[in-house]
Amino acid sequence: ESYQTIAESIGVAKSQVITWVKLFEVQGEKGFKKCYTSYSSEFKLDVLNFMNETGTSFLETASTFNISSPSIIYRWDQLLKTKGLDALEPKKKERPSMKKETKKVEPEKSIPAEDSMEALQAKIKHLEMENAYLKKLNALVQMQEKLQTKSKRK
């Protein structure tokens with residue numbers, strides 16, 4: 001049967017079937033065992049050098065080195081080309097700690113009691129005026145709406 005026929009019968013893309021066949025040809029059954037691993041930058045560089053020297057495709061290279069997906073090698077290749085060798089360094093995927101962070105409380109600046117009291121009273125007066133203004137504005141808007149509904153009824 002063709003790759004296409006097999007792919008259609010099991011409901012996957014043809015490229016996936018080709019990947020599986022290549023993986024089986026190179027690694028056998030052990031190639032299908034999932035292993036989640038972090039690759040060193042040296043290993044990544046070796047894989048990319050092998051691919052460039054032998055002219056193999058991403059798929060063939062992934063099968064040869066038992067890498068789960070050819071797209072991983074493609075990503076490494078792009079990182080190397082755009083960001084250089086440092087971009088191939090493995091990143092730690094640790095979970096953030098669940099420790100509660102203690103916030104450092106800065107000591108308040110010493111403000112004379114009279115100044116802070118006057119400032120607070122001024123702020124209260126300002127907020128009271130703002131509140132009164134908004135109440136009057138709200139009442140005005142409601143009155144206009146009532147007048148509009150009455151004029152529409154007539």
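Author: A salt bridge is counted when a side-chain nitrogen of Lys or Arg lies within 4 Å of a carboxyl oxygen of Asp or Glu. In this predicted model, local features need pLDDT of at least 70 and side-chain atom pairs count only at pLDDT 80 or more, whereas totals for chains, interfaces and linings use all residues. Residues are numbered from 1 along each chain as its sequence is written, and side-chain values use heavy atoms, with hydrogens and water left out.

Reader: With that criterion, how many salt bridges does a search of the whole structure find?

Author: The search finds two. In one of them, Asp-77 pairs with Lys-81, and the closest N and O atoms are 3.1 Å apart; both residues lie in helix H5, four residues apart, which is about one turn of the helix. Helices here are DSSP runs of H or I with at least four residues, strands are runs of E with at least two, and both are numbered from the N terminus.

Reader: Which residues form the salt bridge with an N to O distance of 3.9 Å?

Author: The side chains of Lys-22 and Glu-60 meet at that distance, and the pair links distant parts of the chain, since Lys-22 belongs to helix H2 and Glu-60 to helix H4, 38 residues apart.

Reader: How should I read burial, and is Asp-77 buried or exposed?

Author: A residue is buried under 20% relative accessible area, exposed over 50%, and partly exposed in between, with a 1.4 Å probe and protein chains only. Asp-77 counts as buried because its relative accessibility is 8%, whereas its partner Lys-81, at 62%, counts as exposed. In the other pair, Lys-22 is partly exposed at 27%, and Glu-60 is partly exposed at 31%.

Reader: How do I check the length of a helix such as H5?

Author: The expected span is 1.5 Å times one less than the number of residues. For the 14 residues of H5 this should give 20 Å, and the end C-alpha atoms are 20 Å apart, which agrees.

Reader: Which residues of H5 are buried, and where do they lie around its axis?

Author: The buried residues of H5 are Ile-72, Ile-73, Trp-76 and Asp-77. Taking the arc from the directions between the helix axis and the C-beta atoms, these buried residues fall within 140°, so they line one face of H5. The face turned away from that buried side carries the exposed residues Lys-81, Thr-82 and Lys-83. With contact meaning heavy atoms within 4.5 Å, the buried residues of H5 pack against H3 and H4. After H5 comes Gly-84, with a positive phi near 90°.

Reader: What does the same reading give for H3, and which of its residues are buried?

Author: In H3, Ser-41, Lys-44, Val-47, Leu-48 and Met-51 are buried. They cover an arc of only 125° around the axis, which puts them on the same side of H3, while Glu-42 and Glu-53 are exposed on the other side. The cover over the buried residues of H3 includes helix H4 (58-64) and helix H5 (70-83). Just after H3, Gly-55 takes a positive phi of about 75°.

Reader: What is the picture for the protein as a whole, and how many helices does it have?

Author: The protein has six helices and zero strands, and 16% of its 154 residues count as buried. Among contacts between residues at least 6 apart in sequence, 49% join residues at least 24 apart.
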